[in-house]
Amino acid sequence: MRIPCCYCGARGHEEFTYLGDATLARPSTEIGAPADDATAAAWHDYVYVRDNPSGRHRELWQHTGGCRAWLVVTRDTRTHEIHGVEAARDVALAREATHE
Amino acid sequence: MNDSSPATPPQRSSAPVTAMRLMDGGLIDRSRTLGFTFDGTRYTGHPGDTLASALLANGVRLVGRSFKYHRPRGILTAGPEEPNALVELRTGARREPNTRATTIELYDGLVAASQNRWPSLQYDLLSINGLAGPLIGAGFYYKTFMWPAAWWEKVYEPLIRRAAGLGRASGVADPDHYDKGHLHCDVLVIGAGPSGLMAALAAGRAGARVVLCEEDSRLGGRALLDGRRIDQRPAADWVAAIEAELAAMPDVRILKRTSVVAAYDHGTFAAVERNNDHLAEPPAFAPRQTLWRIVAQRSVLAAGALERPLVFPGNDRPGVMLAGAARAYVNRFAVMPGRRAVVFATNDDAALTVTTLAEVGIDVAAVVDARSEMSPAMEAAARMASALLITGGAVTRVRGSLGVEGVEIRSADGRKTRIACDLLCMSGGWTPNLHLTCHQNNRPVWDARLAAFVPGNLPSGMAVAGAANGEMSTRSAIMRGAELGVAAAVACGFRAASPDLPPTDEESTSSSPLWRVTGVTGKAFVDFQNDVTVTDIGLAHREGFRSVEHMKRYTTLGMATDQGKTSSINGLALMAELTERSIPDTGITTFRPPYQPVALGTLAGHHRGKDFRPTRLTPTHAWAAERGAVFVETGAWLRAQWYPESGERDWLESVNREVRTVRNAVGVCDVSTLGKIDVQGPGAAGLLDFLYANTMSTLPVGRARYGLMLREDGFVMDDGTVSRFAPDHFVITTTTANAAKVLQHMEHALQWLRPDLEAAVVSISEQWAQFSIAGPRSRDVLQRVVDSPEAISNAAFPFMAIAETTVLGGLPARLFRISYSGELAYEIAVAAGYGEALIRAIMEQGRDFGIAPYGTETLGVLRIEKGHVAGNELSGQTTARDLGLGRMLAKKKDYIGRVLQERPALLAGDRPALVGLRPVDTGARLRAGAHLVASGQEPVAANDLGYVTSVAFSPTLGHWIGLALLSGGPARHGERVRVWDPVRSGDVLAEVCDTVFVDPKGERLHV
């Protein structure tokens, strides 16, 4: 596979490290909030539960052998076709902006 | 049976002088003679020969014994698909088994030996397996060696391995080296036959960066083998002209002896270049082979086609050869593969073999055309060769065991004729070589007109030209190659025009398949290399292994090193016939990389031994080695474990002395291997608050703090110190093992979880040499090293103070008053290159105070005496509370692991928690890994209360001490537990105690 890093251009996948699902959001649990079932379920899903989608998947990769940027790569898990690569920080900032 | 004795001694002084070599023609250099030996007999050949052609030239037809039945075997093909002629090449450490004689380029002094025969090739005692054939068909091993199960390893497997098997590995390290390389191009052309040459020419003339890979030592593909004319001249001359033009193009790279073995995603290919396999040994410093990773925008696959054998009894005898191979030996190597031939074929392509053989004086006795209708091309060829033409006929039997002596032919009317011959050429048609189109899980499609699978969906950027695409004539291959070369260049943004297409000979490619000869008895082979016969496929069918994937695994068809190149289509056609399905309904097994066998050494390249995992040396390594330190591998690092002094009998004596020196005077230890990460920016404090379970933003400038990092699941990930040099500048340390992981974790937090924080992190582990100076006299030593001694007085520089300073007269340094040993202690860091100078200075200045260096063993004893946790306790299964560090957990900030560490099970009172252990009998030894049960309880799993994580002999206390994770933890202080170690027969009673064995109040830290 070749992954087009948004900073370095297309590079072989061996330069990258895979993490996983980029659609998961870390639950925001207030400090000192009592532990309820909903909170427990949200954290359980965030830490332990992963989908194994067939087709397009947004996933986190890090260009560890290059610029060390974390990237959100949209990849088809059946064909390995890569539909887009974004800097993870940009995606995360946009996510924060919509939440606020 | 594999012969463990050396190659058979010479049986005769020399073979008849190249009896079968033609006087002229061929692409060989008759001006030079090369000597070689096969099974100890000396022969000669010429540059341009393969081992196979040279053996045939010398009249050697018998070259090996088959895998299972030990049948005599000869040379079937003239190329890399060879299933029979496998030999051991070279001797000693370079001996390589299962090497195809058809691809070995002859060199002077070549030594080869036949395989799988005992005592000799001519008289093989295990050929009795052939008589037992009905007993050892498909599935024989599975059925026969079922039980007793215990016999498998001891009896059955060694027995089978001796009886069945191919060559022997050398058994010693490979003395050669292998390289790796990367190539990037616009257009990759795979195969340099007529279509590949035209594709490369078209793309190259357009200015594209082209890589042309050819498996053979020469460009030309079948053009060299068929003896046709291209561009009104011999094909080899046309090839040479194109090669000269390509070689002159600066952006075209020709890789000969290079097999493209895999097609990966996004235009990435793996190719193996056999740089020096054609020599006895590689020249000094040159690699034997190179593994290329080629990245191409477009690729043109022009891999040609492979001829299929016909399936009839005795089709494996030496002297039975593929028709295309027979004419290849004549045209390229000027070798007569026999003197009197019969040609048995299903297609017009074999007509060229008939005329080629006849032209060089080989007597073609008969042409047997399996097709029921007379073929004009075959008729013309038979007439030219004055051969008997038998249309609608079949070869039903082959006479001769060690070589063909004659054949029995059945005419269309059923009449049988016997014809004496020493060569039987067969052709079942041609199979497009489409493996690389399937490596990304595309499936080929059946072409009924060709009776062959042709490429289906293609990997993106790939196009297929010539015979690989079912375009079987030279003319169509040339046209299509040019067209696809132009298209590939245009797709890469070049303006391209088709080269002029050279005129070619007329040829008929008419073909009609015959999957097996029916109404015959005797072993008819489908897979030659794995000895799979028609009967075996019938057996698989009867026993229900009818899917091609099941048939393959039950009969092992296609599972040998040739991966079924000559056998898989025949095999699945036979299964289709048995199941009364069509071939496309029967399907085809999956093509997976690599296309050709690749040596593990080639895949490894230079990454062998220490080059695979280099050893990292500390800044003081040379100095420590000079002092006779004993080293230990810790991860990738080599660290000093202890520093023996003369008269010390064992490691314990040395370590006890080192510990006492630190506790009573002063010691110095290289701790540079700890991970060090620089954190800067306005968001640095916020980042560290988020990463550590305790609060870092409150840390004053000029101070350090111990920190604990959790994983999001609430377990401890790592620990270390955080030092604040400025409001927006921190330096943190990690454990040696987790240095890379923690950096990645921080980058993830910064770029993904907390993009609001403005900060940057960078590893500085290797930039700084760092030493611990520990013991009551450590300040005295340090004051002689630093440039401002007064600045580190106890008052000016208290416990947990840090500062940037200078040492040894102006050398910038960082000083930390932190302690792992529990003594008055400092860590001092300088630029890594000054590390050795600094430790020599410290040792010099410390002599008056009795300084000694200490290693990792002493480091461990000191920390266990103080109850500090390390890797054994930070196992990924312990929480902060388990380790007695619950008081560190911040309550007023968010941090990784904050929520899930509160899960009820992690708060349960019976969780294993950290305690200290001291043996009741102070002479007893504790062992790490031992399990704990309550005193008086049986040592069974149900009573297990935990285990010992770390132990040390404490010279301070005079007995062994331990740290353990014990159910209930500190609540059991004062109880007695059984420390049970079945592995080392340990059963010791110990008292549960606090984890801090030395100076529990921590007074020594502040002196």
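I looked up the buried residues of H9(B) in this predicted model, and found Ala350(B), Ala351(B), Leu352(B), Thr353(B), Val354(B), Thr355(B), Thr356(B) and Leu357(B). Since 8 of the 10 residues of this helix, which spans residues 350–359 of chain B, are buried, I note it as largely enclosed by the rest of the structure.

Next I asked which elements the buried residues of H9(B) pack against. In chain B I listed the helices H6 (222–226), H8 (323–331) and H10 (376–384), together with the strands E18 (340–345), E19 (363–369) and E24 (423–427). Just after H9(B), I found Gly361(B) with a positive phi of about 90°.

I then turned to the interface, where 35 residues of chain A are in contact with 32 residues of chain B. The area buried between the two chains comes to about 2,700 Å², and carbon and sulfur atoms give 53% of that. On the side of chain A, I noted that Arg2(A), Arg26(A) and Arg89(A) lose the most area to chain B, together 25% of what that side buries.

For the polar part, I counted 5 salt bridges between chain A and chain B, and I looked at the one that Glu14(A) forms with Arg293(B), in which the closest N and O atoms are 3.3 Å apart. I also recorded 17 residue pairs in polar contact across this interface, both partners being at pLDDT 80 or more.

Which element of chain A gives the largest share of the side that touches chain B? I found that H2(A) does, with 7 residues. By residue class, I entered that side of chain A as 18 nonpolar, 8 polar and 9 charged residues.

Technical notes. Residues numbered from 1 in each chain as written. Chains lettered and ligands numbered in written order. Predicted model: local features only at pLDDT ≥ 70, side-chain atom pairs only at ≥ 80, totals over all residues. Heavy atoms only, no water. Contact = heavy atoms within 4.5 Å. Buried area = accessible area lost by both parts, 1.4 Å probe. Salt bridge = Lys/Arg side-chain N within 4 Å of Asp/Glu carboxyl O. Polar contact = N/O pair within 3.5 Å; in protein donor to acceptor, adjacent residues only side chain to side chain. Helix = DSSP H or I, 4+ residues; strand = E, 2+ residues; numbered from the N terminus. Nonpolar A, V, L, I, M, F, W, Y, C, P; charged D, E, K, R; others polar. Buried < 20%, exposed > 50% of the residue type's maximum accessible area, 1.4 Å probe, protein only.
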